[in-house]
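Trainee: Could you take a close look at the strand pairing with me, and then work outward from there into the rest of the fold? I'd like one connected story rather than a list.

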Amino acid sequence: MDLYLKVRLAVSEGMSRRQAAKHFNISRDSVSKMLSYSTPPGYRRQAPVRRPKLDAFVSTIDHWLDEDLKVPRKQRHTAKRVFDRLRAECGFTGGYTIIKDYMREREQRRQEVFVPLSHPPGHAQADFGEAVVVIGGVEQKAHFFVLDLPHSDACYVRAYPAAVSEAWIDGHVHAFAFFGAVPQSIVYDNDRCLVSKILADGTRKRTVLFSGFLSHYLIRDRYGRPGKGNDKGSVEGLVGYARRNFMVPIPRFATWDEFNAWLEEQCRKRQRDRLRGESETIAERLQRDLAAMRPLPASPFEACDQASGRVSSQALVRYRTNDYSVPVAFGHQDVWIRGYVDEVVIGCRGEIIARHPRSWEREDVVFDPLHYLPLIEQKINALDQAAPLQGWDLPEAFATLRRLMEARMAKHGRREYVQVLRLLESFELADLHVAVKQALQIGAIGFDAVKHLLLCQVERRPPRLDLSIYPYLPRATVEKTSAKAYMRLLSTHAGDAA
């Protein structure tokens, strides 16, 4: 720049171009260039680059790379592979560098360019992400639902053991309760939990559960193009934000409910932030979103998967590869099943017959010991080998009661012990535990006594047991006091005194 200034000043003050070239030791072409431009214009290509050795093979290279779009990404042509094929199959005599440069320029020309979008208030985007968490001391993969309001950048995040249909719906229900309103429309990807099929005209065939959810909340659903995450870029970015900020370091919580309560609190704290390029906080902009959203319906949508099944000969019902027990009285009957995120409910006709915590394992068996006690009472020899009773964590007093019952009543004692356990069908374990301990203290080892003590415990009245009906207790004989014995006692004391 200094040389440009000196040359231009010298010529403007009367120095000829020849003299300027000689004085500044530069060529006259350079002087002419300096007089034409006030600053160095840089290198300017006048004609396109000629590639005589490559141009004849460009169409072949383009054909190979276009075909690559139909194969897996890891099996596509690299510049080295294109170079090797051209030499072996097409007689190419050029070098590797021009191949590499051409492929890089071609990739740059083909990169997609995006249009900046403006998001009106009252609309949302939804997606699922994945992260590693520790729940109850077990490291596992969490699938977290994210609902984003792009106008305000407010978000809601909730984690689940799996990204199934009922988790999608449950996440929406909790998000709507969190914001206190329902968006006018939501943009989704083409997840199989929501879309069962994309028709030829581009419309989506929704799953039954998702259609019912949309109808309940009156939401217009919109979808991005398959494989194009940028069609819902706001929530895609928020998934990464939630993973980096809410799940680093790896979250450790005792239960899923505790983890989700913590995530909700993080979403509330984020509303105090003011993002780059915005003059208002997220919470201030959220008010415009809420004003444009619909009010919540009178009741939330029931986020459950519905199915039907049949009870097996072992009183088990299969749902999503897992078996859940029902009372043995319903064996071989048709039942309906409702799968929630946290539990499985089984019913027969209009009656709920079983509730279980949902298992997210595969080919798991979930028992409720109470379901099998009526059958075990009849088939008492199966008591020790009954799988539903294995691992049943009962207080130590129950084992003591069983031991005494079997010692005093043999096989009938085992049957009475099962009858004691069946009291849990109607009463709480804590109350029965107190009754069992009382029975052990007074030595009333029998079902009738335990039941009487349990009823007194629940009704808060003193027990009235007739211990004479329990022949297993040691008998105490108390005779009537006679005057003769009393006089003998007095005479004994008189003799001692003398």
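Mentor: Sure, starting with the one term we need: two strands pair if DSSP finds at least two bridges between them. Keep in mind, too, that this is a predicted model.

With that cut-off in hand, look at β11, residues 322-325. Strand β11 pairs with β15 in the parallel sense, over two bridges, which means the pair has the two that pairing asks for. If you want a landmark for the register, use D323, which sits opposite V365 of β15. Now widen the view to the whole sheet. It is open and has three strands, running in the order β10-β11-β15, with mixed pairing. The edges are taken by β10 (316-319) and β15 (365-366); each has a single partner strand, so one side of each has no neighbour in the sheet.

Stay with the β10 end for a moment. The loop between β10 and β11 holds R320, and its backbone is worth a glance. Most residues other than glycine have a negative phi. R320, though, has a positive phi, near 50°. Its relative accessibility is 39%, so R320 counts as partly exposed. There's a second case in R349, which has a phi near 55° and isn't a glycine either. You'll find R349 in the loop between β13 (343-348) and β14 (351-357). At 62% relative accessibility, R349 counts as exposed, because the cut-off for that is over 50%.

While we're on strands, compare a simple hairpin. Strands β5 (residues 195-198) and β6 (residues 204-206) pair in the antiparallel sense over three bridges. K197 faces K205 of β6 there. Five residues lie between the two strands, and in this hairpin G202 has a positive phi near 95°.

Now the nonpolar packing. In soluble globular proteins, nonpolar side chains tend to be buried together. Here the largest nonpolar core has 59 residues, and the members touching the most others are F144, L147, V157, Y188, F213 and F259. Helix α7, residues 165-179, gives this core its largest share, eight residues. The sheet we began with ties into something else: a second, separate core of 44 residues, whose members include Y319, V366, F398 and A439. By number, Y319 belongs to β10 and V366 to β15, the two edge strands.

Back to the largest core, and to F144 in particular. Leaving out neighbours within four places in sequence, its contacts include D127, F128, G129, E130 and A131. Further along the sequence F144 also reaches V157, R158, A159, V239, A242, R243 and M247. Just past that last contact is a backbone oddity: V248 and P249 are joined by a cis peptide bond, with omega about -5°. P249 itself is in the loop between α9 (233-246) and β8 (252-253).

Next, follow α7 to its helix neighbour. The axes of α7 and α8 (residues 208-217) come within 10 Å and cross at roughly 15°. That angle makes α7 roughly parallel to α8. The crossing is right-handed. From α7 the contact uses S165, E166, I169, H172, V173 and F176, and from α8 it uses L209, F210, F213 and Y217. You've met F213 already, among the core members that touch the most others.

The end of α7 comes up again with Q271. This residue is in the loop between α10 (256-270) and α11 (282-292). Q271 is buried, because its relative accessible area is 15% and the cut-off is under 20%. Apart from residues up to four places away, Q271 touches F178 and F179, along with T281, I282, A283 and L286.

One more helix pair gives you a contrast in angle. Helices α4 (residues 58-68) and α6 (residues 96-110) have axes that come within 12 Å and cross at roughly 55°. That makes α4 oblique to α6. This crossing is right-handed. On the α4 side the contact is made by V58, I61, D62, L65 and D66; on the α6 side, by I99, Y102, M103, R106 and R110. Pick out R110 in helix α6: at 48% relative accessibility it counts as partly exposed. Setting aside neighbours within four places in sequence, R110 is in contact with D66 and L69.

Technical notes: Residues numbered from 1 in each chain as written. Predicted model: local features only at pLDDT ≥ 70, side-chain atom pairs only at ≥ 80, totals over all residues. Heavy atoms only, no water. Core = buried A, V, L, I, M, F, W, Y, C linked by side-chain atoms within 4.5 Å. Buried < 20%, exposed > 50% of the residue type's maximum accessible area, 1.4 Å probe, protein only. Helix = DSSP H or I, 4+ residues; strand = E, 2+ residues; numbered from the N terminus. Contact = heavy atoms within 4.5 Å. Axes fitted to C-alpha atoms, helices over the stretch in contact; angles between N-to-C directions. Parallel < 35°, antiparallel > 145°, perpendicular 65-115°, else oblique. Left-handed = near helix turned anticlockwise from the far one by under 90°.
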